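Biologist: I'm new to this one and would like a close look at a single part. Could you walk me through chain B, piece by piece, and then show me how it meets its partner?

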Amino acid sequence: MDLVLNIIISGLISGSVFALLAIGFSLIFGVARIVNIAHTAFYMVAAYCIYFVTHKMGSHPIWGMVAAIVLVTLLGIICYKLFINPIREHEGAVLIATIALAMAFQEIMVLKFTGTFLSVPSLVKGYFAILGVKVFYQQLLTFCVVLLVMAGLWILLMKTKLGLAIRSTAQDREVANLMGINEARVAMLTMGISVGLAALTGAVVVPLTVLEPHMWLHPLIMMMAVVVLGGLGSLKGSFLGAYILGFAEALVVFLAPMGAFLKGSVALSIMILVLLIRPEGLFGVSFEEER
Amino acid sequence: MDLFLFYLRKLFTIIKKEVFVLPSRIVVVLFFILLLLLPVFTKDLYLLRIFTLTSIFAILAASWDLLSGFTGQMNFGHALFFGVGAYSAALLNKYAGIPPWGTIPLGALGAVLSGLIIGIPCLRLRGTYLALTTLAFPIILMGIVFALPDLTGGELGISGIARLAGSRVTDYYITVVVMLGLCTIMWKITDSNTGIIFHAIREDELAVRASGINTTRYKLLAFCLSGFFAGISGGLYAHFMRIAGPSTLEVSMSFQVVIWAIFGGIVTIYGPVGAVFILFPLLEFLRFWQELRMLMFAVVVLLILLYMPDGLFRWLRDKIEKECPRCKIRNVAMRHTCRVCTAQLD
């Protein structure tokens, strides 16, 4: 029974993290056709930002969260304006520009905080027990925040004018432009939202993980797997795919021998199996190739 | 004697009429000569080691270009081929006792097999889907490597492999000659009919299929060819470093290849090779700034891309040469008329 509960908790947490990351990633991909490898690097920067505010400045973690989200969103927009926007027409160049950005962030963090493993205090302390299994309040908080943000994002995308602009730009950039949508501004705003989501994810999840400059690699891979599994540009797909892979990881870690080594492999194998049956992902629409 | 003189004269004519007319061709010839003569000028072991590694990675970057640049099948998991080549060469050498000249081609065949295995599911995907899916394969293999520590040495890798050759200079000559040979073969492949079909698949797959060409077969061929060359570089790496570790399968390895290739300019073969010969030694010579090394590397890549998004070598080539508007033959930028059809160059 303990095992089952542990698997459920761990699956829900990692699923939520992957879901938020994947939604941000597929938003900016949909709108601006940018494969943002640096997406999880922003998540890492946000986590370090909290560490800085709580440990070096001694403030309350909530200020750390606020600072992290605001600063990282700004950083994302600045990086977009400086490095990505000028070369947006060249797909390959954008790709390695984001890889280089991620590497640069990683190196800056190594310089500033060294490569040692760090940890951050939880926002809310304590835990309660269900059937003898500890559930930390921070885990509950992470899960609730993720659900709330997801609901907020859904309202933003479906009910507001900005959401309409984002969705129409994702569908057809040129026609959206003809309809009077400022495509460049929408792309920039989307970049802001996307990076903001990454920062938020980093902010809520950092007390549950260890902080190190290479922490962006594993989520990056899982996030990409989620996006492909769920179907690019589909929020529902990302949501479901994230929980499928999150639970797959948790199951492997708790049940299989050498699970910690195999967790990535098994989750990714599931993705490939799904792709063999449905090449466009679970909820992706097989749209005509842009020619 | 006459025959010899005839060929000599022919060689001279070719050099005069085909090589010396374009600065880029002169540079390529100089590059070949310099690389082959380097050990004559310096016996510095460290320098030779850097250039040996550079040549190994040059093969890898060029093989990425053959698959992803020409066919447009964005492969983010190129480390898979490299790792399979390295690991199979190492395993064959350690457990079967086959010498390097046998393990490297066999390792490359292993990489071809892995190219087939990943190629078949990936043929149904395109664009970003393909890129993100291929990223998964080296990580899956890495999980398997970690899960079988008895066979693969787990995190430490397989060490104690036979050396490539007796001395550093011989190592250098083997890798450089193999690199120059393989890159010429790759360049020839891309210049052949097959290469033109690869290029066409990248531009418009539907049109190629409409012309009665089985694109699936050609895409699979591209995966296999690229896997073969990358596997050879993996085998060379394993025998040169005398270790095949999980670092050959890392995500950063795959990203590194993409950076090299795009930095130099894709769809060229010479671009990625040149980029490796600039970036890899640069990274080594920046070692006196140990902490700032990777940061400097990232910044250099970012800044160069900002000004030359098509890649460094294409930008350079467009500066010193221009294309004739009528016959599409390249000319030195200083000329006013085309060297073949005498049309006005703008």
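Modeller: Let's begin with how chain B is split up: there is a domain 1, covering 45-295, and a domain 2, covering 311-346. Keep in mind that this is a predicted model. If you place a point at the C-alpha centre of domain 1 of chain B and another at that of domain 2 of chain B, the two points sit 33 Å apart. Where these two parts touch, domain 1 of chain B puts in ten residues and domain 2 of chain B puts in four residues. On the domain 1 side, H13 and helix H14 (270-285) of chain B each supply at least two residues, and H14(B) gives the most, with four residues. Sort that side of domain 1 by class and you get five nonpolar, five polar and no charged residues.

Now step back to chain B as a whole. Its secondary structure adds up to 16 helices and four strands. Along the principal axes, the C-alpha trace of chain B spans about 70 × 55 × 50 Å. Is that what a globule would look like? Here's what to compare: a compact globule of 346 residues would have a radius of gyration near 20 Å, and chain B agrees with that because its own value is 21 Å. Buried residues make up 46% of the 346 residues in chain B. As for how the chain folds back on itself, take the contacts in chain B with a separation of 6 or more: 72% of them join residues 24 or more positions apart.

Next comes the partner. Chain B brings 36 residues to its contact with chain A, and chain A brings 40 residues. On the chain B side, helix H6 (128-134), helix H7 (136-147), helix H13 (251-264) and helix H15 (293-307) each supply at least two residues. The largest share there, eight residues, comes from H15(B). By class, this side of chain B has 28 nonpolar, three polar and five charged residues.

To see the meeting up close, find A:Ile96. Leaving aside its neighbours within four places in sequence, A:Ile96 is in contact with B:Val258, B:Ile259, B:Ile262, B:Phe263, B:Val301 and B:Leu305. A:Ile96 also turns up in the largest nonpolar core, which has 195 residues; A:Ala46, A:Ile96, A:Ala225 and B:Ala61 are the ones that touch the most other members. The largest share of this core, 14 residues, comes from helix H1 (residues 2-32) of chain A.

Technical notes
Residues are numbered from 1 along each chain as its sequence is written. Chains are lettered from A and ligands numbered from 1 in the order in which they are written. This is a predicted model: local features need pLDDT of at least 70, side-chain atom pairs count only at pLDDT 80 or more; totals for chains, interfaces and linings use all residues. The radius of gyration is taken over C-alpha atoms; the globule rule is 2.2 Å times the number of residues to the power 0.38. A residue is buried if 20 or more other C-beta atoms lie within 10 Å of its own, exposed if 12 or fewer, and partly exposed in between; C-beta atoms are placed from the backbone. Two residues are in contact if their C-beta atoms, placed from the backbone, lie within 7 Å. Ala, Val, Leu, Ile, Met, Phe, Trp, Tyr, Cys and Pro count as nonpolar, Asp, Glu, Lys and Arg as charged, and the others, Gly among them, as polar. A nonpolar core is a set of buried Ala, Val, Leu, Ile, Met, Phe, Trp, Tyr and Cys residues joined through C-beta atoms within 7 Å. Domain bounds come from an automatic or database domain assignment.
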